[in-house]
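Student: I would like to learn how to read a structural model with care. Could we go through one together, feature by feature?

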Amino acid sequence: SSNMEDDASLKFRQQLLLLDENLVAEDVAALKFLCTDLLPFKKLENVKSAVDIFQLLMAEEYLNEEDTFLLAELLYRIKCHSLLKKLGYTKEKVQECLHEKGKVSPYRQMLYELSENITSDMLKDIIFLLQNCLPRRRITLSALELLILLEKQGLLTENNVQILEDVCMNVSPDLLETVSCYKRAKVCNIPSFNILWSGYKHTGKKFGFHLFQHWEAHSGKYKAMSSQQELRKMSYLVSEALHYCCFELYLLYMCRGFGIAFLHGTWHTFFLSFLQKMTSYKMDGPHRGFCLVINNVEFDRSLQERKGSCKDAEELERVFTWLGLDVKTYKNLTSWQIKDLMRTWQHLQDHKDRDCFICCILSHGESGAIYGKDEELVSIRTIMSHFTAKQCPQLFEKPKLFFIQACQGKEIQRPVYVEADAQIPELPSMQQSVSPSESIPEEADFLLGMATIDGYASFRHVQQGAWYIQSLCSKLQLLVPRGEDILSILTEVNEDVGRRVDRLGTKKQMPQPAYTLRRKLIFPIPRDPPPS
């Protein structure tokens, strides 16, 4: 046993030596920087090679032959992906485990990413701007060494990155996005901030006070910028305003900083309209888009007839027609007919003249899948993947919405007037649990609205239709005329359906949306009144 342990330890150290041979001086500097929060700084100062870092990590018990994940994470962070296989990892495997096992802080990640984007010319300008903060003796600094120096002097900390914002604004506003992403993530993780996207509001009064101070101190500097810098600064501030939900405050002070007369009334309305368009999907084209409604009511073998589903299909057709979409309804499709239909619509050239695409599917279902009439499952991910940018370039950067009325788990005991859109108990399920976020394609501009959370039944009244679909249609009619975006509307649907119970008061349901939308999706207000 002792010999085996010695052999494993020897093999592990041989692996580390092999990694050391493949890492150049720049890689070692990057590893050293990323370990700054994990290892004693004095010891890091003496590091000359990757082996030195490995020794320190082992001494602090971050690294051993049984657990090499931190080293894999470090190699992943510095983009040495080809070396991961020497530790038995792949890029994808590291990405999978980062959320639970990652040890490099978001702050350190942000600083490293920033350093990677600072060119030599930018670095010269930054050092010139910060000359009063740096040692008087002339030394040549890399971007990483400069950041470490600012940290040593207490000018840069996890909770104070103001100095980065100031220099980035003067040298290259493009660098600001890296810092602002870090700040947004940090703010959203503070429990005291109640982010309400639908209203651009927050509860942090102290934060708003700091914004006033910032603008008072820097408004003169912003006025003096060139027109190009002004435009880029304005874009950045608008982005910050929306992400921090301080819309009105930033708008007011942005206008003061640029010397724009800000009056309540015409200018106020203009700016609100302008900024809404900047942060919303384009939905004002001559054609809104196509909406498919697949309504599976009858099935070939064990699955029960979905009574009340035609009521849902009719309601969806009425509401989405009212919203300006061309609705096409299909009834009782087999699994292969559903796939064939997706391929047909995937290749439709008319999408290029449309603002969006919507697909509604009403059927029985299992986790992450829906049943065709032939009682064969079609995964929701397969359906949605037909409309990715690669498969359907005509819908590139356009919102693609999918609404699924189907159970995501086994049927349960139910009263007479409420049915569940699930498979009957005698029909065995081979499906593994699949969450909505796993069903959605890994690219932007998708929304998946599920009638229920994974593993649970969704309910349908045999005469009045499904709770989820009826609530969705009702809330669209109520809230689209008020200018609400789709995520705000789906939040209201969640609240509405979550309050409902069957007539015996024993069964409840909670819908679940998943999305990769990059902007707000706001349907134009129809000229005609709601259909019902």
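The dialogue below takes up salt bridges, strands, a helix pair and two loop residues.

Tutor: Before we start, note that this is a predicted model, in which local features need pLDDT of at least 70 and side-chain atom pairs count only at pLDDT 80 or more, while totals for chains, interfaces and linings use all residues. Residues are numbered from 1 along each chain as its sequence is written, and side-chain values use heavy atoms, with hydrogens and water left out.

Student: How many salt bridges does a search of the whole structure find?

Tutor: A salt bridge is a side-chain nitrogen of Lys or Arg within 4 Å of a carboxyl oxygen of Asp or Glu. By that criterion, the search of the whole structure finds twelve. One of the pairs is E73 with R77, whose closest N and O atoms are 3.2 Å apart.

Student: Why are E73 and R77 separated by about one helical turn?

Tutor: Helices (H or I, at least four residues) and strands (E, at least two) are DSSP runs, numbered from the N terminus. E73 and R77 are separated by about one helical turn because they stand four residues apart in helix α5 (residues 69-77). E73 and R77 are both buried, where buried means under 20% relative accessible area, exposed over 50%, and partly exposed in between, with a 1.4 Å probe and protein chains only.

Student: Which residue of helix α16 forms a salt bridge with R318?

Tutor: The partner of R318 is E315, with the closest N and O atoms 2.3 Å apart. Both residues lie in helix α16 (residues 309-322), three residues apart, about one turn of the helix. R318 counts as partly exposed at 37% relative accessibility, whereas E315 is buried, with a relative accessible area of 6%.

Student: Which parts does the salt bridge of D355 and R288 tie together?

Tutor: The side chains of D355 and R288 meet at 2.8 Å, N to O. D355 lies in strand β3 (residues 354-362) and R288 in strand β1 (residues 287-295), so the pair ties together parts that are 67 residues apart in sequence. D355 counts as buried at 5% relative accessibility, and R288 is buried as well, with a relative accessible area of 15%. Salt bridges can also join into a network, as they do for D37, R108 and E151.

Student: How should I read strand pairing, and which strands pair with β7?

Tutor: Strands of a sheet pair through backbone hydrogen bonds, either parallel or antiparallel. Two strands are taken to pair if DSSP finds at least two bridges between them. Here β3 and β7 pair in the parallel sense over six bridges, and β7 also pairs in the parallel sense with strand β9 (residues 446-450), over five bridges. I404 of β7 is the bridge partner of I361, and I404 also stands opposite M450 in β9.

Student: Is β7 covered on one face or on both?

Tutor: Both faces are covered, with K400, F402 and I404 buried on one side and L401, F403 and Q405 buried on the other. Six of the six residues of strand β7 (residues 400-405) are buried.

Student: Where does antiparallel pairing appear?

Tutor: An open sheet of three strands, in the order β4-β5-β6, has antiparallel pairing. Its edge strands are β4 (365-366) and β6 (377-379), each of which pairs on one side only. β4 and strand β5 (residues 369-371) pair over two bridges, and the bridge partner of G365 in β5 is I370.

Student: At what angle do helices α20 and α21 pack?

Tutor: Axes are lines fitted to C-alpha atoms, for helices over the stretch in contact, and angles run from 0 to 180 degrees between N-to-C directions. Helix α20 (residues 467-479) and helix α21 (residues 486-499) pack at about 135°, with their axes 9 Å apart. The residues making the contact (heavy atoms within 4.5 Å) include W467 and L472 of α20 and I489 and V493 of α21.

Student: Are the loop residues D445 and L325 buried or exposed?

Tutor: D445, in the loop between α19 (436-439) and β9, is buried, with a relative accessible area of 3%. L325, in the loop between α16 and β2 (326-331), is buried, with a relative accessible area of 3%. Leaving aside residues up to four places away in sequence, L325 touches R288 and I358, among others. L325 and I358 are 33 residues apart in sequence and 8.7 Å apart in space, C-alpha to C-alpha.
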